[in-house]
Amino acid sequence: MNVYLAALECKLGNKRIIEQIQRDSGTISILGSYFSISRRNEKLYASLIPHFKDFVLDSGAFSFMNSERVNIDWDKYLEDYAAFIKANRVEKFFELDIDVITGYDKVKEYRIRLEGLTGRPSIPVWHRSRGYAEFIRLCEEYPYVAVGGIAIKHIRREEYKHFTRLIKEAHKRNCKIHALGFTNPSELRKYHFDSVDSSS
């Protein structure tokens with residue numbers, strides 16, 4: 001299981017952290033949030049990507065939705081996100097999972113555009129509102145899927161038992177599965193995701 005540390009971009013003002021990443025190159029896996037990166041020192045962050053053991057980029061859509069910005073031009077945001085991915089040769093990146101704002105049909109349209117702009121598949125983020133059949137379809141069409149809604153409690157602790165089935169179905173289809181915002185040590189021993197991340 002690969003464990004990604006999230007929210008590094010919030011600590012880039014700390015020179016010691018930057019020096020440690022450069023010194024210990026190749027030892028830490030990072031999940032970056034494009035929203036936070038684009039608001040801070042994008043060039044500095046991009047220069048650190050080659051030093052990470054592994055890197056996955058989140059669109060930061062959730063952070064963007066919870067910021068004070070009301071009018072969001074999602075088309076421009078998508079283009080900027082894709083440009084960062086391409087410029088920095090990011091191999092793993094999540095779709096814009098903004099179902100609650102645009103509806104899932106628009107998310108699928110954005111997914112196709114993102115993949116067209118970057119020339120590689122994104123990692124779809126399955127939410128329970130999409131339904132179980134859609135989870136299976138995504139696992140059949142993509143080599144990697146993510147489960148979202150854990151950190152924000154859309155999936156409650158008493159529902160974690162269903163992770164076993166999701167993991168089994170993904171692996172049956174040779175699909176890897178990532179749990180967003182899920183690193184409780186006791187739970188990680190129970191549920192064998194391929195990768196997880198957390199800011200804590």
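This text walks through a predicted model, starting from its sheet and moving outward to the helices and loops.

The sheet is open and has eight strands, in the order β4-β3-β2-β1-β8-β7-β6-β5, with parallel pairing. Its edge strands are β4 and β5, the latter spanning residues 125-126, and each of these two pairs on one side only. Helix α9 packs on this sheet and touches β5, β6 (144-147) and β7 (176-179). The direction of α9 makes about 150° with that of β7.

Strand β3, residues 54-58, can be followed in more detail. This strand pairs with β2 (residues 29-33) in the parallel sense over five bridges. Within that pairing, leucine 31 has valine 56 of β3 as its bridge partner, and glycine 32 stands opposite leucine 57. β3 also pairs with β4, again in the parallel sense, over two bridges. Here valine 56 stands opposite lysine 92 of β4. Valine 56 is thus named in both pairings: with leucine 31 and with lysine 92.

How much of β3 is buried? Five of its five residues are, and the strand is described as mostly covered. In a regular strand the side chains alternate between the two faces of the sheet. In β3, Asp54, Val56 and Asp58 lie on one side, while Phe55 and Leu57 lie on the other. The residues of both groups are buried, so both faces of the strand are covered.

Strand β8 covers residues 195-198, and serine 195 is found in it. Serine 195 is buried, because its relative accessible area is 0% and the cut-off for burial is under 20%. Leaving aside neighbours within four places in sequence, serine 195 is in contact with Met1, Asn2 and Tyr4, and also with Tyr144, Ile177, His178 and Ala179. Phenylalanine 94 is 101 residues away from serine 195 in sequence, and the two C-alpha atoms are 13 Å apart in space.

Tyrosine 191 comes before this strand, in the loop between α10 (185-190) and β8. Is this loop residue buried or exposed? Tyrosine 191 is buried, with a relative accessible area of 8%. Beyond its neighbours within four places in sequence, tyrosine 191 is in contact with Met1, Tyr160, Lys161, Phe163, Thr164, Ile167 and Phe182. Met1 appears among the contacts of tyrosine 191 and among those of serine 195. The C-alpha atoms of tyrosine 191 and leucine 138, 53 residues apart along the chain, are separated by 20 Å.

Turning to the helices, α7 runs over residues 104-118, which makes 15 residues. From its first C-alpha to its last, α7 reaches 21 Å, close to the 21 Å expected at 1.5 Å a residue. Its buried residues are Tyr104, Val107, Tyr110, Arg111, Leu114, Glu115 and Thr118. Why do these residues share a side of α7? They cover an arc of only 135° around the axis, which puts them on the same side of the helix. On the other side of α7, Asp105, Ile112 and Gly116 are exposed. The buried residues of α7 pack against four elements: α5 (74-87), β4 (92-93), α6 (99-102) and α8 (132-141). Just after α7, glycine 119 takes a positive phi of about 75°.

Helix α8, one of the partners of α7, also packs with α9, which spans residues 163-172. The angle between α8 and α9 is about 30°, and their axes are 9 Å apart. The crossing is right-handed. On the α8 side the residues involved are Tyr132, Phe135, Ile136 and Cys139, and they meet Arg165, Leu166, Glu169 and Ala170 of α9.

Two loop residues remain, both with a positive phi although neither is a glycine. Alanine 7 has a phi of about 75° and is found in the loop between β1 (2-6) and α1 (15-23). Lysine 153 has a phi of about 65° and lies in the loop between β6 and α9. Lysine 153 counts as exposed, because its relative accessibility is 61% and the cut-off is over 50%.

Definitions and conventions
Residues numbered from 1 in each chain as written. Predicted model: local features only at pLDDT ≥ 70, side-chain atom pairs only at ≥ 80, totals over all residues. Heavy atoms only, no water. Expected span 1.5 Å × (residues − 1). Buried < 20%, exposed > 50% of the residue type's maximum accessible area, 1.4 Å probe, protein only. Arc of directions from axis to C-beta. Contact = heavy atoms within 4.5 Å. Pairing = 2+ DSSP bridges. Axes fitted to C-alpha atoms, helices over the stretch in contact; angles between N-to-C directions. Left-handed = near helix turned anticlockwise from the far one by under 90°.
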